[in-house]
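Here is a quick walk through one fold, from the sheet out to the side chains. Keep the viewer open and follow along.

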Amino acid sequence: MKHAVKTDLFASKAPLEWAVIANGQLSTAQIPINAEGQVVEGGIEAQARQTMENFKHTIDAAELTMADVTQVLIYVTDREYLPVFNQVYAEYFEAPYPNRAAMVVAGLARKEMLCEVVAYAAVPVA
């Protein structure tokens with residue numbers, strides 16, 4: 001059985017949940033949008049920070065911690081964005097770090113988006 005995690009993030013018109021828990025795992029995808037649903041301006045650092053803040057908010061809403069995150073997939077639209085994204089990302093995790101992969105892609109769902117994160121976290125058994 002799966003259930004959606006209730007967050008205070010922008011309610012998308014797309015048929016999606018910001019996070020779902022099933023089989024002891026949280027699955028989420030986060031993008032650099034603000035409370036109004038707009039992609040934040042300010043380049044990769046601002047977008048990375050907004051994406052990670054949305055991610056942390058979702059983890060908190062699921063009553064988990066960033067230490068519960070097991071895997072992160074990072075998508076950026078330019079290889080040169082990775083060092084900046086890494087710098088912001090490092091502010092949100094401590095060792096042992098989640099398993100991680102980073103991909104450079106031609107584009108994301110919204111043309112102004114420079115990054116996106118997909119992640120998984122272990123949900124402790126109650």
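In what order do the six strands of the open sheet come? They run S1-S2-S3-S6-S4-S5, and the pairing is mixed. Bear in mind as you look around that this is a predicted model.

## The sheet

Start at the borders. Strand S1 (2-4) and strand S5 (99-104) are the edge strands, and each of them pairs on one side only. Going from one strand to the next, the twist averages 15°.

Now move to the S2 and S3 part of the sheet. Strand S2 (residues 19-22) and strand S3 (residues 25-30) run antiparallel, and four bridges join them. If you want one pair to click on, take Ile 21, whose bridge partner in S3 is Leu 26. The hairpin of S2 and S3 has two residues between the strands, and Asn 23 takes a positive phi near 50° there.

S3 also pairs with S6, again in the antiparallel sense, this time over six bridges. A handy pair here is Thr 28 with Ala 119, its bridge partner in S6.

## The helix across the sheet

What does helix H1 lie across? Helix H1 (residues 43-61) lies across S2, S3, strand S4 (69-76) and strand S6 (115-122), and it runs at about 25° to S6.

S3 is a good strand for looking at the two faces. Its covered face has Leu 26, Thr 28 and Gln 30, while Gln 25, Ser 27 and Ala 29 make up the uncovered one. Two of those names have come up already: Leu 26 is the bridge partner of Ile 21, and Thr 28 is the bridge partner of Ala 119.

## The start of the chain

Is Met 1 buried or exposed? Met 1 is exposed, with a relative accessible area of 92%. You'll find Met 1 in the segment before S1.

Even so, Met 1 has company from further along the chain. Neighbours within four places in sequence aside, Met 1 is in contact with Ile 21 and Ala 22. Met 1 and Ile 21 are 20 residues apart in sequence, yet their C-alpha atoms are 8.5 Å apart in space.

## A cluster of rings

How many aromatic pairs does a search of the whole structure find? The search finds three. In the pair of Phe 55 and Phe 93, the ring centres are 6.3 Å apart and the planes are at 50°, so this pair is tilted. Phe 55 belongs to helix H1 and Phe 93 to the loop between helix H2 (82-90) and S5, so the pair ties together parts that are 38 residues apart in sequence. Both Phe 55 and Phe 93 are buried.

Phe 93 has a second ring partner, Tyr 89: their centres are 4.7 Å apart and their planes at 40°, so this pair is tilted too. Tyr 89 is buried as well. Taken as a whole, ring pairs link Phe 55, Phe 85, Tyr 89 and Phe 93 into a cluster. Tyr 89 has one more thing to show you: the charged end of Arg 100 sits over its ring, 4.7 Å from the centre.

## Salt bridges

Which residues are linked in a network of salt bridges? They are Glu 45, Arg 49 and Glu 91. Within helix H1, the side chains of Glu 45 and Arg 49 meet at 3.8 Å, N to O. Glu 45 and Arg 49 are four residues apart in the helix, which means about one helical turn separates them. Both count as partly exposed, Glu 45 at 44% relative accessibility and Arg 49 at 27%.

The other link in the network joins Glu 91 to Arg 49, at 2.7 Å, N to O. Glu 91 lies in the loop between H2 and S5 and Arg 49 in helix H1, so this pair ties together parts that are 42 residues apart in sequence.

The count for the structure comes to three salt bridges, including one between the side chains of Lys 56 and Asp 60 (3.0 Å, N to O). Lys 56 and Asp 60 both sit in helix H1, four residues and about one turn apart. Lys 56 is partly exposed at 31% relative accessibility, and Asp 60 is partly exposed at 39%.

Technical notes. Residues numbered from 1 in each chain as written. Predicted model: local features only at pLDDT ≥ 70, side-chain atom pairs only at ≥ 80, totals over all residues. Heavy atoms only, no water. Pairing = 2+ DSSP bridges. Axes fitted to C-alpha atoms, helices over the stretch in contact; angles between N-to-C directions. Contact = heavy atoms within 4.5 Å. Buried < 20%, exposed > 50% of the residue type's maximum accessible area, 1.4 Å probe, protein only. Phe/Tyr/Trp six-rings, centres within 6.5 Å; stacked < 30°, edge-to-face > 60°. Lys NZ or Arg CZ within 6 Å of the ring centre and 35° of its normal. Salt bridge = Lys/Arg side-chain N within 4 Å of Asp/Glu carboxyl O.
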